[in-house]
Amino acid sequence: MKEIEKVRTERSIARNSLLPELDIIASYSQNGLSDNANDSIDLTKDGDYDSWEVGVQFSYPLGSIESRNEVKRSEIRLRQERALLAQLHNEVRRDVRSAIRNIDVSRKKTEVAKRGHDLAREKLRILLKSREVGLATTRDVLDGEEDLASARTDQITSVADYFKAVTDYLRVTGTLLESENIVFEGDVFPDNERIPFYRR
């Protein structure tokens, strides 16, 4: 945005150089004419020899090719900067929409993984009860425990993916630091120096 304003200013300057100029010129002087310096100073105070000049100066640029070319160059650069800005807006919109979709998908995966974990736990509980009455073997129980461990891993992974999707959304929307209450102090330092920050 600052680059667009800069190019607009350059274009305005280039356009102004193509416009005609009308200047009003005025001058006033106090004079004292005498052979003696002191007398000259006294005559200056009297104002008998004061002089005024008023004039008008008009100038019109003829065939200023360089100025016209500068206007054209600045207009081309302005169109390029506007196109770049529009492209960046589109990229941001695309990234935000993608991040929102990822949050939705990750949330649904988390719900599915939770249901899978609940089912695996219930299955193991039933297997343990069945083994007590001789309807399930130790091998069945071990398989049930393995299924429960796998379901727990899937649930942990889905929750981690969900929080990653939320973090990506905060990053693309530019609110990640604000959500963590991180505030920067002072000016941005040049040459990639570290910037002090603190948590509120």
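In this predicted model, His-117 is in contact, once its neighbours within four places in sequence are left aside, with Leu-148, Ala-151, Arg-152 and Gln-155. His-117 itself belongs to helix α3, and its relative accessibility of 9% places it among the buried residues, because that class ends at 20%. Two of its contact partners, Leu-148 and Ala-151, are listed among the buried residues of helix α4.

Helix α4 covers residues 138–172, a run of 35 residues, and the distance from its first C-alpha to its last is 51 Å, close to the 51 Å expected at 1.5 Å a residue. The buried residues of α4 are Val-141, Gly-144, Leu-148, Ala-151, Ser-158, Ala-165 and Leu-170. After the helix comes Gly-174, which has a positive phi, near 75°.

Two further C-alpha separations can be given for residues of α3 and α4. Val-105 lies in helix α3, which spans residues 65–132, and the C-alpha atom of Val-105 is 10.0 Å from that of Ser-158, although the two residues are 53 apart along the chain. Ser-158 is one of the buried residues of α4, whereas Val-105, at 41% relative accessibility, counts as partly exposed. Ala-149, a residue of helix α4, has its C-alpha atom 9.2 Å from that of Arg-121, with their positions 28 residues apart along the chain. Ala-149 is partly exposed, its relative accessible area being 38%.

A search of the whole structure for aromatic pairs finds 1. This pair is formed by Tyr-162 and Phe-163, whose ring centres are 5.7 Å apart and whose planes meet at 65°, so the arrangement is edge-to-face; the angle qualifies because planes over 60 degrees apart are assigned to that class. The two partners fall into separate accessibility classes: Tyr-162 is partly exposed, with a relative accessible area of 25%, while Phe-163 is exposed, with a relative accessible area of 53%. The value for Phe-163 puts this residue in the exposed class because the class begins over 50%.

The accessibilities of the individual residues discussed above are collected here.

| Residue | Relative accessible area | Class |
|---|---|---|
| His-117 | 9% | buried |
| Tyr-162 | 25% | partly exposed |
| Ala-149 | 38% | partly exposed |
| Val-105 | 41% | partly exposed |
| Phe-163 | 53% | exposed |

Note on methods. Residues are numbered from 1 along each chain as its sequence is written. This is a predicted model: local features need pLDDT of at least 70, side-chain atom pairs count only at pLDDT 80 or more; totals for chains, interfaces and linings use all residues. Side-chain values use heavy atoms; hydrogens and water are left out. Helices (H or I, at least four residues) and strands (E, at least two) are DSSP runs, numbered from the N terminus. Buried means under 20% relative accessible area, exposed over 50%, partly exposed in between (1.4 Å probe, protein chains only). Contact means heavy atoms within 4.5 Å. The expected span of a helix is 1.5 Å times one less than its number of residues. Rings of Phe, Tyr and Trp (its six-membered ring) pair if their centres lie within 6.5 Å; planes under 30 degrees apart count as stacked, over 60 as edge-to-face and the rest as tilted.
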